[in-house]
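Trainee: I'd like a close look at a single part of this model, with the cut-offs spelled out as you go. Pick one helix and follow it to whatever packs around it.

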Amino acid sequence: MAGNNRPYPHAPQTHHGRLAELRQARQAWTQAEDPVARLYRRSSTTLSLEHLLGIFAEELARAIPYGQLVYRHRLGCQDFVYSTGMGGSHRCDYQLNLEGANYGSLALTRRQRFHEDELEIIEYLLGIVICPLRNACQYALVEQAALTDALTGIPNKRALDMALARDCSIDDRHGDRFTLILCDLDHFKEVNDTYGHVIGDLLLQASADALREATRDGDSIFRFGGEEFAILLPHTDCRDGEDVADRIRAAINNVRIPCGDRQVQVTASAGVASHRHGETPNQWVARADDALYRAKDAGRNCTRIAHVVGSTGTETV
């Protein structure tokens with residue numbers, strides 16, 4: 001079978017003049033200092049929503065004086081708020097929409113009234129940043145999904161690992177106290193075996209809700225394993241952590257899941273450990289896990305505090 005032996009046309013030789021023009025245009029673009037070029041250029045350098053809003057706030061301030069900029073958006077299951085500056089009595093608000101989707105709201109305030117030409121400039125700059133803003137919001141949702149447990153909607157073990165590393169570092173540098181609670185639903189396998197996984201899933205979801213109700217806004221809740229949860233408490237020692245753990249166990253014990261003519265419920269066991277200076281995240285978790293094991297070994301439905309073996313061989317909290 002004869003092949004196709006037709007020669008490909010020769011590529012045209014590089015046009016040196018055109019290449020020089022492109023280089024000159026690129027240099028002019030990268031060195032341009034007008035607000036439009038700067039915003040276009042800088043907004044294409046990041047997918048961080050916070051960083052992008054910081055860039056926009058800086059470039060807008062160069063073009064229009066304002067007192068305060070506030071951006072709000074609901075990203076998945078979390079509220080995102082970015083704020084900079086101080087407010088005033090005059091305000092302008094914008095809903096940031098693109099192709100039928102909303103990407104948050106932006107409010108500007110200052111002491112003087114905004115003039116029509118200033119509003120036109122604001123809207124023009126928002127038109128430049130809306131596509132990068134959409135990309136940053138979508139990227140934030142992807143990051144959030146990677147760190148969120150799909151069943152309960154709370155952060156997952158990957159998020160916990162990051163939080164533990166952060167809190168260990170903060171404690172080692174500044175001496176801030178953090179306490180970790182590991183909480184396990186007792187005899188959860190029997191729930192799945194007796195009532196089915198649908199009821200088991202509902203019980204896990206309700207337990208996560210109970211954890212939210214039993215903890216403070218500054219506390220962090222994670223799904224650590226199948227039926228195990230982790231709670232990070234800032235500015236809390238072991239004794240206070242024990243009180244929180246008991247409150248959590250009581251909240252979980254009050255959960256009722258209807259199943260036919262029965263109400264399904266479980267108890268919970270908890271282990272509590274405060275971070276010790278120089279301790280790694282794995283060592284911290286291991287002490288909390290040991291305390292949880294002792295709670296289960298003691299008959300479940302109770303709380304135990306982790307201990308450390310001192311130099312004299314005695315156990316100290």
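**Helix 6 and the strands behind it**

Mentor: Let's take helix 6, where Lys189, Asp193 and Thr194 sit on one side and are exposed, meaning over 50% relative accessible area with a 1.4 Å probe and protein chains only; buried is under 20%, and partly exposed lies in between. Before going on, the small print: this is a predicted model, where local features need pLDDT of at least 70, side-chain atom pairs count only at pLDDT 80 or more, and totals for chains, interfaces and linings use all residues. Residues are numbered from 1 along each chain as its sequence is written, and side-chain values use heavy atoms, leaving out hydrogens and water. Helices (H or I, at least four residues) and strands (E, at least two) are DSSP runs, numbered from the N terminus.

Helix 6 spans residues 188-195, and Phe188, Val191 and Asn192 are its buried residues. Why do those three belong together? They cover an arc of only 95 degrees around the axis, which puts them on the same side of helix 6; the arc is taken from the directions from the helix axis to the C-beta atoms. Strand 5 (178-185), helix 7 (197-214) and strand 9 (262-264) are among the elements that cover these buried residues, with contact meaning heavy atoms within 4.5 Å. Right after helix 6 comes Gly196, with a positive phi near 100 degrees.

Now follow strand 5 away from the helix. Strand 5 pairs with strand 10 in the antiparallel sense over 7 bridges; to count as a pair, two strands need at least two bridges found by DSSP. One spot to click on is Asp184, which stands opposite Ser269 in strand 10.

Strand 10 itself runs over residues 268-274, and 7 of its 7 residues are buried, so it is largely enclosed by the rest of the structure. Both faces are covered: Ala268, Ala270, Val272 and Ser274 are buried on one side, while Ser269, Gly271 and Ala273 are buried on the other.

Strand 10 also pairs with strand 11 (residues 303-305), here in the parallel sense over 3 bridges. Look at Val272: its bridge partner in strand 11 is Ile305. To finish, have a look at the handedness: strand 10, helix 9 (residues 281-297) and strand 11 form a left-handed β-α-β unit. For the convention, a crossover is right-handed if, with the strands pointing away from the viewer, the path from the first strand over the helix to the second runs clockwise.
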